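Student: Could we go through this model together, from the sheet outwards to the chain as a whole? I would like each answer to be reasoned out before the value or name is given.

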Amino acid sequence: MIPTNEKFVILTTTGILGDAIKNIVKEDAQVVVLMGPGTDPHTYQTTQKDVQQLRHAHMIFYHGLDLEGKMTDILQRMGQERKAYAVSDALDKTALLYEGTIVADPHVWFDVKLWKQVVGFISQKLQEARPESAAYYQNNTLAYMEELAHLHELITIQINSIPKLQRVLITAHDAFGYFGKAYNIEVVGLQGVSSVAECGLKDINRIAALIRERNIKAVFFETSVSNRSIRVVLENCAHYGHKVAVGGYLYSDALGAPGTLEGTYCGMIKANATTIVNALK
Ligand SMILES: [Zn+2]
């Protein structure tokens with residue numbers, strides 16, 4: 001039992017999950033997010049402070065499917081003493097993408113419809129844990145679901161406004177597979193679904209050739225991943241006299257700064273879509 005004068009503490013790994021939880025609980029609980037803007041969850045190292053915060057938490061939500069890389073073990077261990085959920089468990093296995101890997105692609109938030117299922121799962125678990133707040137959480141969830149439904153429509157319209165041939169999204173790590181499938185844009189990543197893997201010269205040459213053949217206008221950086229491999233692609237294109245622009249920064253595995261539009265899930269998805277459309281259209 002939690003003493004009534006103590007706030008219920010929900011801990012989560014990324015700001016993406018933190019934003020979903022905050023939209024459900026509002027001021028009714030304290031939401032602690034371990035990984036801030038620009039942080040790459042694949043390579044994140046657990047700190048001493050994180051361990052203390054994990055111990056202090058009443059409930060834990062994390063993505064799962066290895067997104068949290070090295071942190072997965074401690075998250076599972078902490079889950080033995082308190083309720084801890086890998087939110088990807090909410091999704092039907094047939095909805096997941098496998099890029100020749102045993103573990104599915106964890107970047108499910110880029111399909112807003114799938115993310116709605118995740119939000120529903122989180123809400124259900126929170127309502128079970130806090131029956132006294134269940135009705136409040138349910139109301140907040142319904143309102144947020146409506147916002148997400150509008151977001152899905154908006155992104156569908158925006159991405160479809162790019163001519164089909166130019167609709168190719170080239171990024172450093174393969175975070176946009178679900179985005180591509182949901183919004184009908186071809187996605188090419190250099191590093192695979194985890195940023196841990198290095199890309200080889202073969203990948204660089206393959207993508208540079210694709211850019212030249214298809215006359216692709218722009219490639220994209222990511223806020224939480226090194227630009228190095230994309231820069232090599234740009235150099236390769238320049239070597240062949242092909243001009244390709246940097247379309248801007250995309251938010252892949254981390255939100256923007258708190259207090260900005262990109263500091264929320266909806267804002268991050270909107271910002272990405274605008275960046276993509278402006279660069280490719
Ligand atoms: Zn990623």
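Tutor: We should begin with a definition, namely that two strands count as paired if DSSP finds at least two bridges between them. Please also keep in mind that this is a predicted model.

Student: With that definition, what is the order of the strands in the open sheet of four strands?
Tutor: The pairing in this open sheet is parallel. Its edge strands, each of which pairs on one side only, are β2 (30-33) and β4 (83-86), and the twist from one strand to the next averages 20°. Read across the sheet, the order is β2-β1-β3-β4.

Student: Which residue in β3 is the bridge partner of T12?
Tutor: Strand β1, covering residues 9-12, pairs with strand β3, covering residues 59-62, in the parallel sense and over three bridges. For T12, the bridge partner in β3 is F61.

Student: Which strands does helix α1 touch where it packs on the sheet?
Tutor: Helix α1 is formed by residues 15-25, and its direction makes about 175° with that of β2. The strands that α1 touches are β1, β2 and β3.

Student: Which strands does helix α4 lie across?
Tutor: Helix α4 comprises residues 112-129 and runs at about 175° to β3. The strands it lies across are β1, β3 and β4.

Student: Are α4 and α5 roughly parallel or roughly antiparallel to each other?
Tutor: Helix α5 (residues 134-160) packs with α4 at an angle of about 175°, and their axes are 10 Å apart. On the α4 side the residues that meet α5 include V112, V119 and L126, while those on the α5 side include Y137, Y144 and L148. Because angles over 145 degrees count as roughly antiparallel, the two helices are therefore roughly antiparallel.

Student: What radius of gyration does the chain have, with its 281 residues?
Tutor: The chain contains nine helices and eight strands, and its C-alpha trace spans about 70 × 40 × 35 Å along the principal axes. A compact globule with 281 residues would have a radius of gyration near 19 Å, which agrees with the value for the chain, 19 Å.

Student: What percentage of the residues of the chain count as buried?
Tutor: The accessible surface comes to about 12900 Å², of which 52% belongs to carbon and sulfur atoms. Among contacts with a separation of 6 or more, residues 24 or more positions apart account for 69%. Of the 281 residues, the share that counts as buried is 55%.

Methods. Residues are numbered from 1 along each chain as its sequence is written. This is a predicted model: local features need pLDDT of at least 70, side-chain atom pairs count only at pLDDT 80 or more; totals for chains, interfaces and linings use all residues. Side-chain values use heavy atoms; hydrogens and water are left out. Axes are lines fitted to C-alpha atoms, for helices over the stretch in contact, and angles run from 0 to 180 degrees between N-to-C directions. Contact means heavy atoms within 4.5 Å. The radius of gyration is taken over C-alpha atoms; the globule rule is 2.2 Å times the number of residues to the power 0.38. Buried means under 20% relative accessible area, exposed over 50%, partly exposed in between (1.4 Å probe, protein chains only). Accessible areas come from the Shrake-Rupley method with a 1.4 Å probe; for residues, only the protein chains shown count as cover. Angles under 35 degrees count as roughly parallel, over 145 as roughly antiparallel, 65 to 115 as roughly perpendicular and the rest as oblique.
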